[in-house]
Amino acid sequence: MAKGGVAGRIVRKQVASRLPRLAPDVTHSFVREALNRAIRGGGPLPPAAAAGDRVLASNHGDVERAVHDLIEAHVRYAGA
């Protein structure tokens, strides 16, 4: 069974849909902090610019391919 199971998914869906209304400051703060960490980096994750430079270099300067690879990686992260 998936982590959290069906009940966990239902609860998360219910809470997630109501959270902005119940605690707008919390969601605003969370989103702002997530964005700041994405830009500046945090923990094992490098800042966005450094990650972009790394992917661009690994694609030998091919901007289109680098953007594609970054999008693909983030889609995989979101699905994990």
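In this predicted model, a nonpolar patch of about 410 Å² sits on the surface, and the residues behind it are Leu56, Val63, Val67, Ile71 and Val75. Helix 4 puts in the largest share of that patch, with four residues. Take Val75, which is found in helix 4: Val75 counts as exposed because its relative accessibility is 53%, and the cut-off for that label is over 50%.

Helix 4 turns up again at the largest pocket, which holds about 370 Å³ of space. The pocket is lined by 16 residues, and those closest to its centre are Leu45, Pro46, Ala51, His74 and Tyr77. Three helices each supply at least two residues of this lining: helix 2 (24–40), helix 3 (48–58) and helix 4 (63–79). Once more helix 4 gives the largest share, here four residues of the lining. As for the make-up of the lining, ten residues are nonpolar, four are polar and two are charged. So helix 4 has the largest share in both places, with four residues of the nonpolar patch and four of the pocket lining, by the way helices are assigned here.

Between helix 3 and helix 4 there is a loop, and His60 has its place there. His60 is a bit of an oddity in its backbone: its phi is positive, about 55°, although the residue is not a glycine. His60 is also exposed, because its relative accessible area comes to 75%, again set against a cut-off of over 50%.

Technical notes:
Residues numbered from 1 in each chain as written. Predicted model: local features only at pLDDT ≥ 70, side-chain atom pairs only at ≥ 80, totals over all residues. Heavy atoms only, no water. 1 Å grid on protein atoms, 1.4 Å probe; cavity = no way out; pocket = protein on both sides within 12 Å on 5 of 7 lines; lining within 4 Å. Points joined across faces, edges and corners; volume = space filled by probe spheres on them. Nonpolar A, V, L, I, M, F, W, Y, C, P; charged D, E, K, R; others polar. Patch = residues over 30% accessible without salt bridge, like charges linked within 9 Å, V, L, I, M, F, W, Y side chains within 5 Å. Areas by Shrake-Rupley, 256 points an atom, 1.4 Å probe, with all protein chains shown as cover. Salt bridge = Lys/Arg side-chain N within 4 Å of Asp/Glu carboxyl O. Buried < 20%, exposed > 50% of the residue type's maximum accessible area, 1.4 Å probe, protein only.
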